Amino acid sequence: MAAIDKVRILVVGDSGVGKTSLVHLICHNQPVGNPGWTIGCSVEVKLHEYKVGTPSEKTYFLELWDIGGSTSHANSRSIFYNPVHGVILVHDLTNRKSHQNLRKWLAEVLNRESHKDSNGYDYDPEQFAGNQTPVLVVGTKADQAERLRENVLSRVSSVAEECGADEINLDCNQEKCVAPGSTNAVKLSRFFDKVIERRFYTGNQVGGNRIPYSPNVNI
């Protein structure tokens, strides 16, 4: 049996926004009963069919790295940031501050080799303009936001706009939020395809076809 290639996707955001619940829902298609606090990092793995239903269909492993959001570990998180092939930015729809902080999280990942203090990362939209790492913005606790009559459900995330990223809003306690064929599931699959495309395929064309990229080093 041929080895299955893999990609690493970082899942980052403030502590308590629901990253662990999101990762469990994506990887197991069911809610987690009682998620604990993530200290450092935890990793879940999911099989993904790239370009499903096309002649290019191929199976890949997705490694979702759930990064603990505690400020007490801010200066040591960078050890989990290499390599990175995609980023999921997670915020709580009932907590505007968690959305504002997504810029800091993105800056922290993009500047992962600068070894700055945790407060030294400044998000620069121009810097991201040249970055090729795919980004997805996810808003959690949509059920609570709806009960609070927050208008965030209909408002486009400014961070997503700046990144040119897709965004989804969901309730991590409802498996139907990522049910096959749903809008969220389609956006997730599209994001995963983009991560794989950027990691394993070059932009070179031969006879109109992309050339698969097969690195000699393991990730």
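Helices (H or I, at least four residues) and strands (E, at least two) are taken here as DSSP runs, numbered from the N terminus. The model is a predicted one, so local features need pLDDT of at least 70 and side-chain atom pairs count only at pLDDT 80 or more, while totals for chains, interfaces and linings use all residues. Residues are numbered from 1 along each chain as its sequence is written, and side-chain values rest on heavy atoms, with hydrogens and water left out.

Helix α7 is a good place to start. It covers residues 183–200, 18 residues in total, and reaches 26 Å from its first C-alpha to its last, close to the 26 Å expected at 1.5 Å a residue; the expected span is 1.5 Å times one less than the number of residues. Burial is scored on relative accessible area, with buried meaning under 20%, exposed over 50% and partly exposed in between (1.4 Å probe, protein chains only). On that scale the buried residues of α7 include Leu 188, Phe 191, Phe 192, Val 195, Ile 196 and Phe 200, and charged ones such as Asp 193, Glu 197 and Arg 199 are buried too.

Part of α7 also faces an enclosed void. On a 1 Å grid over the protein atoms alone, a cavity is a set of points where a 1.4 Å probe fits but cannot get out, a pocket is an open set with protein on both sides within 12 Å along at least five of seven lines, and lining residues have an atom within 4 Å of a point. Grid points are joined across faces, edges and corners, and a volume is the space filled by probe spheres set on the points. The structure holds 1 cavity of 30 Å³ or more, and the largest cavity has about 50 Å³ of space. Its lining consists of Pro 134, Val 135, Leu 136, Asp 166, Arg 190, Phe 191 and Lys 194. Two elements, β5 and α7, give two or more residues to that lining, and the largest share, 3 residues, comes from α7. For the class counts, Ala, Val, Leu, Ile, Met, Phe, Trp, Tyr, Cys and Pro go down as nonpolar, Asp, Glu, Lys and Arg as charged, and the others, Gly among them, as polar. The cavity lining then has 4 nonpolar, no polar and 3 charged residues.

The largest pocket has a volume of about 420 Å³. It is lined by 24 residues, of which Gly 16, Val 17, Gly 18, Lys 19 and Ser 21 lie nearest its centre. Both α1 and α5 supply at least two lining residues each, with α1 giving the most, 3 residues. By class, this lining divides into 5 nonpolar, 14 polar and 5 charged residues. Ser 21 also has a neighbour from further along the chain: Pro 35 is 14 residues away in sequence and 6.5 Å away in space, C-alpha to C-alpha. Pro 35 is found in the loop between α1 and β2 and is partly exposed, at 35% relative accessible area.

Now for the rings. Rings of Phe, Tyr and Trp (its six-membered ring) pair if their centres lie within 6.5 Å; planes under 30 degrees apart count as stacked, over 60 as edge-to-face and the rest as tilted. The count comes to 5 aromatic pairs. In one of them, Tyr 50 and Tyr 60 have their ring centres 5.8 Å apart and their planes at 85°, so the pair is edge-to-face. This pair links distant parts of the chain, with Tyr 50 in strand β2 and Tyr 60 in strand β3, 10 residues apart. Tyr 50 is buried at 3% relative accessibility, and Tyr 60 is buried at 1%. Phe 191 and Phe 192 make a tilted pair, 5.7 Å centre to centre with 50° between the planes. Ring pairs also join Tyr 50, Tyr 60, Phe 200 and Tyr 201 into a cluster.

Charges turn up over rings as well, the test being NZ of Lys or CZ of Arg within 6 Å of the ring centre and within 35 degrees of the ring normal. The charged end of Arg 8 sits over the ring of Trp 65, 3.6 Å from its centre, and Arg 199 lies over the face of Phe 200, 5.0 Å from the ring centre.

That leaves the backbone. Most residues other than glycine have a negative phi, and most peptide bonds are trans. The bond from Asn 82 to Pro 83 is cis, with omega near -5°, and Pro 83 lies in the loop between β3 (58–67) and β4 (86–92). Asn 29 has a positive phi of about 60°; this residue is in the loop between α1 (19–28) and β2 (41–50) and is partly exposed at 43% relative accessibility.
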